[in-house]
Structures are given as C-alpha cells and as structure tokens.
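Ready for a few short exercises? Take a look at the model below, try each task on your own, and then compare your reasoning with the worked solution.

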Amino acid sequence: MSADTQSTLENLEKILVNEQGEFPLYKRYRALFSLKGLGSKEAIQIIIKATKKEKDSELFKHELAYCLGQLQNPEAIALLEDLVRDEDEFIMVRHEAAEALGAISDERSIQFLKTFIGGSCKELSETCYLAAKKIEYNKETEIKHENLYGSVDPTPPANEELNVKQLRDILLDQNADLWERYRSMFRLRDIASKEAVLALCDALLQDKTSALFRHEICFVFGELQDKLTADALQKTLANTSEAPMVRHEAAEALGSIAESYVSSALKHYSEDPVAVVRESCIVALDMNEYQNSEEFQYAIIPN
Ligand SMILES: [Fe+2]
Ligand SMILES: [Fe+2]
C-alpha cells in the first residue's frame, strides 16, 4: 500500500470512528461512502471497527451495517449476527444487519435468519423472511441480477414477462406475499416509466401492512431520483404517525432530488423530535446541496 493510500485510510478512519466527536454526521457519511467506494480489505476492516464502536447515532450505525452488506464480505457476518440478536439495538440497525446477511448470502445464515421469523418485532421478522428466502433463491439459480444503481437488492426483480399493470396489481395487493411485492417493486424501479413510478408512489401512500415495505419504496426512490416521487415522499416525511424508518428513508430520498423546493421541507424536519428523522434531514440537506453544486462526486471529503 502506498504512503498516500495509507494516509487517506487513516484520515477516513479518524472521521468514521469519530473518537473525539468532532466530525459532523454529513462528513462521516461522506467518509463512509468513500470507504465503500474503495471496498478494499482495509476499508472493510475500518467499517467493521466503526460499527463496533458506534454509540452516537443509530442512523449512522444502520448505514454502517448497510455498507457492510453491500460490500458482501463474509468477514462481517459475525458482527452482523450480533447486531441482529441484540434486543437493545435499535430496530433500524437490527433490520439493516439482517438485510446485510441476505446481501452477503452465505448459506449458513439461512438457519440463523429463520429463527427471527414470526418474532415480536415485525420489521425484523419480515427482513429475516426476505433475507433467508433470498439466500435460498441464490442457491437455486445461476442468474445474477444486476441493476443500473449497482445495489445488492433484498430480493431479485420480478420476471420480465410481467407488464406494468400486472406488477402494479401485485405491488398494491396488501394480501400478497411480501417477497412477491418486493420483486414487483424492483422490477418497476428498473422499468422506471411514468406509470411504473406512479405505481410505486401509490403503494407508498396506500399500504397499511408493512413499514418495511414502505421504507424500501422510499429507498428505491432515492435511487430513481425522479421528481415524480417528490410529492409522495414529502407526504411521508410529514406524516408523524408513520414509522421512523420510513420517514428517515423518505428524507434521504428527497435529498437526492436536486430541486430547491425540497430543501425547505428538509429544513423543517431537521428539527424533528425523532432522532433518525432529524439526522436524516441534516444529511439529506448536504446531499441536496451537492446535487445543486458543481462538486464532482458526493463522497469526496470537503476540506
Ligand atoms: Fe433498510
Ligand atoms: Fe436506511
């Protein structure tokens, strides 16, 4: 490793671990996404270390777990299992850790994940159901699903034979199996036509069965960065009876829409009493600023 790389990694680790608490959350986010972009063994070890030490922000901790999943390195499995097991851990962190196990997709995780299905925490139960099923699916099929966004999704997309109307029907069917609704969601994201995006907006506003499902639609909107989703996202963020994990994801998705009107909503909720919502708005404002700026890449660390 060159001296330059070494000093970049040390600098990123300092920001990520934030021992003295001097770095604001948006800088830590940028450092995290720089490390995720590097994706090296050293970068993963830094993210693992930071996850173990994180005490300040549940939001940041869930993002660390998310990145460990996306990097798909089995070295993170033991730590992710600890997070899923820990009943004192915030639900968003436990959920993200379980989903990360699905993303890493080690067959040995199937049994572990299944023990949480049907438990008292609905979001965790649903995440583990999807993650275990995804690992089983990967075991049975050779097909590698890739998408425009480079994300490792919690389920594969639905079959290409289904048209938007059929996908919409499955998505809006609150009695349909969550696995099938997720698959429709990702296929509609990949289609990304106006009708497809509006079906996703309707599902976000109409669904009454699963906060997990609604939060994933918001996540997908963050990938789509389509102005058509702004109204549904703003309504979701404004709905204080909505689950924090859904409002959090709505705020971050709004931040990815490069429109100035979005920032007034985000500013308003950057004082929300719910910590993960408040912090998400602060981070989202930073992303929004970036989208409107000339900066080359989000993950570049500002001086
Ligand atoms: Fe999530
Ligand atoms: Fe999230």
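The exercises below work through a predicted model, each with a solution in steps.

**Exercise 1. The first iron site**

Task: Find which residues coordinate the iron ion (ligand 1), and where they sit in the chain.

Solution:
- Start with the donor atoms. H95 (NE2), E96 (OE) and H215 (NE2) coordinate the iron ion (ligand 1), at 2.2 to 2.7 Å.
- Next, turn to the sequence. The donor residues of the iron ion (ligand 1) have the spacing H-E-x118-H.
- Now place a pair of donors on the secondary structure. E96 belongs to helix α6 (residues 91-104) and H215 to helix α12 (residues 211-224), so to speak a link between distant parts of the chain, 119 residues apart.
- Finally, check accessibility: E96 and H215 are both buried.

**Exercise 2. The second iron site**

Task: Work out which protein donors hold the iron ion (ligand 2), and how far this ion is from the iron ion (ligand 1).

Solution:
- The protein donors are H62 (NE2), H248 (NE2) and E249 (OE), and they lie 2.2 to 2.3 Å from the iron ion (ligand 2).
- Along the chain, these donors follow the spacing H-x185-H-E.
- For accessibility, the cut-off to keep in mind is that buried means under 20% relative accessible area. H248 has a relative accessible area of 1%, so H248 is buried. E249, with 7%, is buried as well.
- The last step is the distance between the metals: the iron ion (ligand 2) and the iron ion (ligand 1) are 4.4 Å apart.

**Exercise 3. Cysteines and disulfides**

Task: Determine how many disulfides the model has, and explain why C67 is not in one.

Solution:
- The cut-off comes first: a disulfide needs a pair of cysteine sulfur atoms within 2.5 Å. By this rule there are zero disulfides.
- Take C67. The closest cysteine sulfur to that of C67 is in C218, 19 Å away, which is too far for a bond.
- C201 is in no disulfide either, as the nearest cysteine sulfur, again that of C218, is 9.7 Å away.
- Then add accessibility. C67 counts as buried because its relative accessibility is 0%, and C201 counts as buried at 6%.

**Exercise 4. A pocket and its lining**

Task: Describe the second largest pocket, and say why it lies between two domains.

Solution:
- Its volume is about 420 Å³.
- There are 19 residues in the lining, and Q72, K134, K144, H145 and V152 are the closest to the centre of the pocket.
- Sorted by class, the lining of this pocket holds five nonpolar, nine polar and five charged residues.
- Helix α8 (residues 122-140) gives the largest share of the lining, three residues.
- The domains settle the second part: the second largest pocket lies between domain 1 (1-142) and domain 2 (151-303) because both give residues to its lining.

**Exercise 5. Enclosed space**

Task: Find how many cavities of 30 Å³ or more the whole structure has, and describe what lines them.

Solution:
- The search finds two cavities of 30 Å³ or more.
- The largest cavity contains about 70 Å³ of space. Among the residues that line it are Y66, E96, E99, K134 and D153.
- By class, the lining of the largest cavity divides into five nonpolar, two polar and four charged residues.
- As for secondary structure, α4 (58-71) and α6 each supply at least two residues of this lining, with the largest share, four residues, coming from α6.
- Domain 1 (1-142) and domain 2 (151-303) both contribute to the lining of the largest cavity, so this cavity lies between them.
- The second largest cavity has a volume of about 40 Å³, and E99, T127, L130, A131, P154 and L212 line it.
- In the second largest cavity, α8 provides the largest share of the lining, three residues. The classes here are four nonpolar, one polar and one charged.

**Exercise 6. One residue on a helix**

Task: Is A275 buried or partly exposed, and how far is A275 from N11?

Solution:
- A275 is found in helix α16 (residues 275-291).
- With 29% relative accessibility, A275 counts as partly exposed.
- From C-alpha to C-alpha, A275 and N11 are 27 Å apart in space, and 264 residues apart in sequence.

Key: Residues are numbered from 1 along each chain as its sequence is written. Chains are lettered from A and ligands numbered from 1 in the order in which they are written. This is a predicted model: local features need pLDDT of at least 70, side-chain atom pairs count only at pLDDT 80 or more; totals for chains, interfaces and linings use all residues. Side-chain values use heavy atoms; hydrogens and water are left out. Donors are N, O and S atoms within 2.8 Å of the metal (3.2 Å for Na, K and Ca); water is not among the atoms, so sites may look incomplete. Buried means under 20% relative accessible area, exposed over 50%, partly exposed in between (1.4 Å probe, protein chains only). On a 1 Å grid over the protein atoms alone, a cavity is a set of points where a 1.4 Å probe fits but cannot get out, and a pocket is an open set with protein on both sides within 12 Å along at least five of seven lines; lining residues have an atom within 4 Å of a point. Grid points are joined across faces, edges and corners, and a volume is the space filled by probe spheres set on the points. Ala, Val, Leu, Ile, Met, Phe, Trp, Tyr, Cys and Pro count as nonpolar, Asp, Glu, Lys and Arg as charged, and the others, Gly among them, as polar. Domain bounds come from an automatic or database domain assignment.
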